[in-house]
Amino acid sequence: QEAPAEFVGQQLDSVFSDIVPQAVKIGMVSSPQIIAVIAGRLEQYRAEHIVVDPVMVATSGSRLLAGGAAGALAERLFPLAEVITPNLPEAQALWGREIRTAADMEAAAAAIGEKLPGAVLLKGGHLTDTADDYLFTHTGGRWYRAGRVDNPNNHGSGCTLSSAIACRLALGCDLEEAVGLAKDYVRRCMEAGLNLGAGSGPMNHMFAVPEGGSWT
């Protein structure tokens, strides 16, 4: 159920006029109207460390954006981002070609990133039996290698990764370090082996909290 674009703008006003965030993570935004409002407010408040997770295609293959939203996302929000974090289906939609190999990942990330001021983290989990991601920046590229964790409860792993990157940027990490630490966090969330409910459940985001719930 979409919130009205005007209401989304009011929410952003409430946040930025009170406790200014040190980073912003944007996930699924489903209409051009909402995208335009978000972009306008981020520009107005000169937001920093913007991470855009272009949630365009569900794991099931279903399209998640209303007509015109994909173009608005690329035109309005991508240029504001320090990094965008597409998965393979999303990168294929943005690149316009199929991605089958690691070399394809590098080419796709470069083709997308060369049009943007920021970086592209292309998530490779859909490609092979590994979980290797590729970061394109305007100063070069870097692979983040990782094996798969044997845990079917990985719902929201991509959303968690982009959020964790934003958190690390807010804490003062540079982008390459933020990606590495965020990727390690997601791995440990999955290794914790939480199993809730039926189907593909969530990871254990609270794995580091000691038994009893104390944060100290």
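This passage walks through the overall build of the protein and then its sheet.

The model is a predicted one. Its fold draws on seven helices and six strands. Going along the sequence, these elements come in the pattern α-β-α-β-α-β-α-α-β-β-β-α-α. The radius of gyration comes out at 17 Å, close to the 17 Å that the globule rule gives for 216 residues, so the protein is as compact as a globular protein of that length. Laid along its principal axes, the C-alpha trace spans about 45 × 40 × 35 Å.

As for packing, 41% of the 216 residues are buried. Among contacts with a separation of 6 or more, 62% link residues that sit 24 or more positions apart. On the outside, the protein exposes about 11,400 Å², and 51% of that area is supplied by carbon and sulfur atoms. Charge is carried by 16 positive and 24 negative groups, whose mean positions lie 3 Å apart.

Now for the sheet. Strands of a sheet pair through backbone hydrogen bonds, either parallel or antiparallel. Here, six strands form an open sheet in the order 1-2-3-4-5-6, and the pairing is mixed. Strand 1 (24-26) and strand 6 (140-144) stand at the edges with a single partner strand each, so one side of each has no neighbour in the sheet. Further in the order come strand 3 (residues 83-84) and strand 4 (residues 119-123), which run parallel and are joined by two bridges. Across this pairing, Ile84 stands opposite Val120 of strand 4.

Terms used
Residues are numbered from 1 along each chain as its sequence is written. This is a predicted model: local features need pLDDT of at least 70, side-chain atom pairs count only at pLDDT 80 or more; totals for chains, interfaces and linings use all residues. Side-chain values use heavy atoms; hydrogens and water are left out. Helices (H or I, at least four residues) and strands (E, at least two) are DSSP runs, numbered from the N terminus. The radius of gyration is taken over C-alpha atoms; the globule rule is 2.2 Å times the number of residues to the power 0.38. Buried means under 20% relative accessible area, exposed over 50%, partly exposed in between (1.4 Å probe, protein chains only). Contact means heavy atoms within 4.5 Å. Accessible areas come from the Shrake-Rupley method with a 1.4 Å probe; for residues, only the protein chains shown count as cover. Lys and Arg count as positive and Asp and Glu as negative; His and the chain ends are not counted. The place of a charge is taken as NZ of Lys, CZ of Arg, CG of Asp or CD of Glu. Two strands pair if DSSP finds at least two bridges between them.
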